[in-house]
Amino acid sequence: MYYKGVYHLFYQYNPKGAVWGNIVWAHAVSTDLVDWVMLPPAIYPTAPFDVNGCWSGSATVLPDGTPVIMYTGIDGENRQVQNVAYPKDLSDPYLREWVKPDYNPVIAPGPGMNATAFRDPTTAWQGPDGLWRLVIGTKDNHRGLAMLYRSRDFKRWAPARRALHSGDTGMWECPDFYPVNSAGVGVSGSGGRKHVLKVSLDLTRFEYYTFGEYDDATDTYVPDAAIADGNDGLRYDYGNFYASKTFLDTAKQRRILWGWANESDSTADDLRKGWAGVQAVPRKVWLAPDGKQLVQWPVAEIESLRGNHVNVTDTLVKAGQHFEVSGLASPAQADVEAAFQVMDLDKAEPFDPAWRGADAETVCAARGAEAKGGVGPFGLWVLASDDLKERTAVFFRVFKGGGGGDGGKHVVLMCNDPSMSSHADNLYKPTFAGFVDVEVAQTGGKIPLRTLIDHSVVESFGAHGKTCILSRVYPTKAVGDKARLYVFNNGESDVKVTHLNAYEMRSAKITADVK
């Protein structure tokens, strides 16, 4: 949340080790979303209503300016109940201490509800009738539910007669419900406003979102008919990105998205290094101008970390060629913005009709970075070793559309392929992929790509943030100043790098609290 000039990030944390358990609300503050001060935990088990853990939730700033946290506590019977906490001292700019009223829990699972699957309350909003509303994730057998609750005073809450939305996808965790428009904020009365409902799927560990019309008089939400609503729905990120949460940044009138990237190495590795899990770089999120999806981009403040940079312009990469982008002291910590231009779209292979019902990941697994194609694979090899035996590929492929739902236009596939990312054992190295909604014939064959490289994190944004993919990789040779950055083209069509700017990135300042 943003409160009186300070950004607050609360996150699920185990103070006793780099494994899941003993969950508290850790707390960090920043004035710029880049440099952070780490504070003592804000909320930790102290009472019967959260004795077995303080799980996820949200912050809401009340009309009088008071922030309140609503979180899921695990009580003595291992039921999931919703509790509130308030700052102890509003004059403390960091809001270090939080107080839990004795009247907690404020929402308990009702009769017939699954008390072990009832969690993660959203930020609350006030309707025109003055009532507060929020959504809690739960399930009924295999059906995920976004349950709506209302309150007049933030203390006594009552369930609505029907769920805000549901889906046959298993438990819905970490729901998020918010207004958005093409400027990002979606304030009441603004043009082109939609409401977004995002859910995290406990069964698959992916998220998806829909958007559509929310009627605050009847508390009904109807997703736009053109949007898939289920496992094949739109995602913020087609990679390692889960339990995400947005907040409204009132200072800059933008909506900011946080997402968690879990480790892909072994528990033993995590214990040895002493930490597990990172937050992705915060992203601004808004509705695409065509109204077909959300778009994301790293917050502009991240660019304050940019240092020395190298530039490549109008460089042709012929079939089967690659070249090194040299001149960076350490490409293991870099921000790369590039645009690629396909020189001969006629060389695009037909999109296999058998792939039409498949997801992008299946297609990319079948046609990885080493599988030569007509147009692509082309893109970047990041965190590459001198001998190229370790490398992570971030790339595009372009296929000829086969009619059907794509109307015959080209199909653009974006992939992160970490299959050669490391010599280490016991790593999970999934290929991640998403289709990119770009009419490449109308852009003159151009597709832009931005990739943030941060040692074990590779975070990529295709077509100005239409398709985003985060991977975790653990090279053993391509580490620090031994890492290299390359452009490659394994397709038949030549590809031109119309421009590429690669920046060294300084480290953010992460400091301990000094009170």
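These legends describe five close-up views of a predicted model.

**View 1. An open sheet of four strands**

The strands of this open sheet follow the order 5-6-7-8, and their pairing is antiparallel. Strand 5 (54-61) and strand 8 (98-99) stand at the edges; each has a single partner strand, so one side of each is left without a neighbour in the sheet. Strand 6, made of residues 67-74, pairs with strand 7, made of residues 80-87. Six bridges join strand 6 and strand 7, again in the antiparallel sense. Within this pairing, Ile-74 stands opposite Gln-80 of strand 7.

**View 2. The disulfide between Cys-364 and Cys-415**

A disulfide is a covalent bond between the sulfur atoms of two cysteines. The model has one disulfide. The sulfur atoms of Cys-364 and Cys-415 are 2.0 Å apart, and a sulfur pair must lie within 2.5 Å to count as a disulfide. Cys-364 belongs to helix 2 and Cys-415 to strand 30, so the bond ties together parts that are 51 residues apart in sequence. The torsion about the S-S bond is about 135 degrees, so this disulfide is right-handed. Cys-364 is buried, with a relative accessible area of 1%. Cys-415 is buried too, at 0%.

**View 3. Cys-54 and Cys-468, each too far from another cysteine for a bond**

Why does Cys-54 form no bond with the closest cysteine sulfur? The closest cysteine sulfur to that of Cys-54 is in Cys-174, and the distance of 15 Å is too far for a bond. Cys-54 is buried, with a relative accessible area of 0%. For Cys-468, the closest cysteine sulfur is in Cys-415. That distance is 15 Å, which is also too far for a bond. Cys-468 is buried, and its relative accessible area is 0%.

**View 4. The largest cavity and the second largest pocket**

How many cavities of 30 Å³ or more does the model have? The count comes to one. The largest cavity has a volume of about 40 Å³. Its lining consists of Ala-369, Glu-370, Trp-381, Arg-391, Thr-392, Ala-393, Asp-417, Ser-419 and Met-420. By class, four of these residues are nonpolar, two are polar and three are charged.

The second largest pocket holds about 1200 Å³ of space. It is lined by 39 residues, and those closest to its centre are Asp-232, Leu-234, Tyr-238, Phe-435 and Val-436. Four elements each supply at least two residues of the lining: strand 23 (294-298), helix 2 (360-366), strand 30 (411-417) and strand 31 (432-436). Which strand gives the most to this lining? Strand 31 does, with four residues. The lining of this pocket divides into 18 nonpolar, eleven polar and ten charged residues. Two of the elements that supply residues here, helix 2 and strand 30, also carry the cysteines of the disulfide in View 2.

**View 5. Asp-249 and its contact with Tyr-7**

Asp-249 is found in strand 19, which covers residues 242-249. Is Asp-249 buried or exposed? Its relative accessibility is 0%, and a residue under 20% counts as buried, so Asp-249 is buried. The side chain of Asp-249 is joined to the side chain of Tyr-7 by a polar contact of 2.7 Å.

Key. Residues are numbered from 1 along each chain as its sequence is written. This is a predicted model: local features need pLDDT of at least 70, side-chain atom pairs count only at pLDDT 80 or more; totals for chains, interfaces and linings use all residues. Side-chain values use heavy atoms; hydrogens and water are left out. Two strands pair if DSSP finds at least two bridges between them. On a 1 Å grid over the protein atoms alone, a cavity is a set of points where a 1.4 Å probe fits but cannot get out, and a pocket is an open set with protein on both sides within 12 Å along at least five of seven lines; lining residues have an atom within 4 Å of a point. Grid points are joined across faces, edges and corners, and a volume is the space filled by probe spheres set on the points. Ala, Val, Leu, Ile, Met, Phe, Trp, Tyr, Cys and Pro count as nonpolar, Asp, Glu, Lys and Arg as charged, and the others, Gly among them, as polar. Buried means under 20% relative accessible area, exposed over 50%, partly exposed in between (1.4 Å probe, protein chains only). A polar contact is a pair of N or O atoms within 3.5 Å; within protein, one must be able to donate a hydrogen and the other to accept it, and residues adjacent in sequence count only if both atoms are side-chain atoms.
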